[in-house]
Amino acid sequence: MALKSAKERTARARLRQIMNGSRGILRANLVPMKRYCGTATCRCAKGKRYWHISWYASQSQHGKMRMKSIPPKQLDEIRDWAKSYQEARRLLAIVGDERWKEIGRGKA
Ligand SMILES: [Zn+2]
């Protein structure tokens with residue numbers, strides 16, 4: 001097995017930390033959607049700039065996008081889950097790229 005670079009070691013260590021941690025991992029993007037609630041006296045009735053923001057989690061599944069509305073109470077937690085996934089994906093790419101230069105190098 002080839003020697004691991006410092007870059008790869010760091011990425012693997014952090015990846016392990018994420019995977020072994022108790023924090024959730026969610027493959028989704030968070031999407032803000034503006035909406036008006038329809039109440040005539042609500043500030044949102046004054047114009048689009050006053051519309052409420054609702055957050056949705058979106059995810060492509062078998063080539064189709066699916067969305068779920070996120071309850072405001074859960075927003076911070078879900079944002080953390082999505083961040084964990086993004087970070088893990090970035091780290092896995094670092095680890096996976098390191099072996100590229102091994103292809104065809106030397107004799108097996
Ligand atoms: Zn409103």
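In this predicted model, three strands line up in the order S1-S2-S3 to make an open sheet with antiparallel pairing. Strand S1 (29-35) and strand S3 (64-69) sit at the edges, each pairing on one side only. Ignoring direction, the turn between neighbouring strands of this sheet averages 40°. Strand S2 (residues 52-61) runs antiparallel to S3, and six bridges hook the two together. One pairing to look for in the structure is that of Gln59, whose bridge partner in S3 is Arg66.

The sheet is accompanied by a pair of helices. Helix H1 (residues 6-20) and helix H2 (residues 75-98) have axes that come within 9 Å and cross at roughly 145°, and the crossing is left-handed. On the H1 side, the contact involves Lys7, Glu8, Ala11, Arg12, Arg14, Leu15, Ile18 and Met19; these meet Ser84, Glu87, Ala88, Leu91, Leu92, Ile94, Val95 and Glu98 in H2. Sorted by type, the residues of this contact come out as nine nonpolar, six charged and one polar.

Taken as a whole, the chain has two helices and three strands, arranged along the sequence as α-β-β-β-α. Its radius of gyration is 21 Å, well over the 13 Å that the globule rule gives for 108 residues, so the chain is more spread out than a compact globule. The C-alpha trace spans about 75 × 30 × 25 Å along its principal axes. Just 3% of the 108 residues count as buried. As for contacts with a separation of 6 or more, 56% are between residues 24 or more positions apart.

Terms used: Residues are numbered from 1 along each chain as its sequence is written. This is a predicted model: local features need pLDDT of at least 70, side-chain atom pairs count only at pLDDT 80 or more; totals for chains, interfaces and linings use all residues. Axes are lines fitted to C-alpha atoms, for helices over the stretch in contact, and angles run from 0 to 180 degrees between N-to-C directions. Helices (H or I, at least four residues) and strands (E, at least two) are DSSP runs, numbered from the N terminus. A crossing is left-handed if the near helix is turned anticlockwise from the far one by less than a right angle, and right-handed if clockwise. Two residues are in contact if their C-beta atoms, placed from the backbone, lie within 7 Å. Ala, Val, Leu, Ile, Met, Phe, Trp, Tyr, Cys and Pro count as nonpolar, Asp, Glu, Lys and Arg as charged, and the others, Gly among them, as polar. Two strands pair if DSSP finds at least two bridges between them. The radius of gyration is taken over C-alpha atoms; the globule rule is 2.2 Å times the number of residues to the power 0.38. A residue is buried if 20 or more other C-beta atoms lie within 10 Å of its own, exposed if 12 or fewer, and partly exposed in between; C-beta atoms are placed from the backbone.
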